[in-house]
Amino acid sequence: MRRIEDRVLARIEAVFARCPELFRFSVRDRSGLPDHIDPTTLEGELFIFEISLAPRLGTAQYDEVYGAIAAAISSAVSSWPEAKEWLRGRTFVRYLH
């Protein structure tokens, strides 16, 4: 599993590299959804939450970053289905060197 974690992390790090305004996001499954969200209205098994951008320049920028995150996660799960379990409940944060 460690190899898969490394590969998934590489894809997520690439999103942070392409989106310098992205600070943080989390991945949840249905059991981790906030109470105000009706899970029966949603498709899929994993959901992206708590996207933090700095500076946040508008809806178009947010949508672009969300799309990059979703594409990376979808691609990882498609390539390595067992990555789905590893991603559940994780928060990813930009780190500085």
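Charged side chains and their partners

Arg24, Arg28 and Glu50 are linked in a network of salt bridges. The model in which this network appears is a predicted one, and the structure holds 4 salt bridges.

Within the network, the side chains of Glu50 and Arg24 meet in a salt bridge, with an N to O distance of 3.7 Å. Glu50 belongs to strand E2 (residues 47-53) and Arg24 to strand E1, so this pair ties together parts of the chain that are 26 residues apart in sequence. Neither partner is classed as buried: Glu50 has a relative accessibility of 35% and counts as partly exposed, and Arg24, with a relative accessible area of 26%, is likewise partly exposed.

A further set of charged residues is centred on Arg88. The side chain of Arg88 meets that of Asp29 in a salt bridge, at 3.2 Å from N to O. This pair links distant parts of the chain, 59 residues apart: Asp29 is in the loop between E1 and E2, whereas Arg88 is in the loop between helix H3 (83-87) and strand E3 (91-93). Arg88 also forms a salt bridge with the side chain of Glu85, again at 3.2 Å, N to O.

The three residues around Arg88 fall into separate accessibility classes. Asp29 has a relative accessibility of 17%; because buried means under 20% relative accessible area, Asp29 counts as buried. Arg88, at 24%, is partly exposed. Glu85 reaches 55% and counts as exposed. Arg88 therefore has a salt bridge to buried Asp29 and another to exposed Glu85.

Glu21 presents another case. Where does Glu21 lie in the chain? Its place is in the loop between helix H1 (2-18) and strand E1 (22-28). Glu21 is buried and yet has no salt bridge. The nearest side chain of opposite charge is that of Arg94, 6.4 Å away. Because a salt bridge requires a side-chain nitrogen of Lys or Arg within 4 Å of a carboxyl oxygen of Asp or Glu, the distance of 6.4 Å to Arg94 leaves Glu21 without one.

Which residues, then, are in contact with Glu21, leaving aside its neighbours within four places in sequence? They are Ser52, Leu53, Ala54, Pro55, Gln61, Val65 and Arg94. Arg94 is thus in contact with Glu21, although the two form no salt bridge.

Notes. Residues numbered from 1 in each chain as written. Predicted model: local features only at pLDDT ≥ 70, side-chain atom pairs only at ≥ 80, totals over all residues. Heavy atoms only, no water. Helix = DSSP H or I, 4+ residues; strand = E, 2+ residues; numbered from the N terminus. Buried < 20%, exposed > 50% of the residue type's maximum accessible area, 1.4 Å probe, protein only. Lys, Arg positive; Asp, Glu negative; His and termini not counted. Contact = heavy atoms within 4.5 Å.
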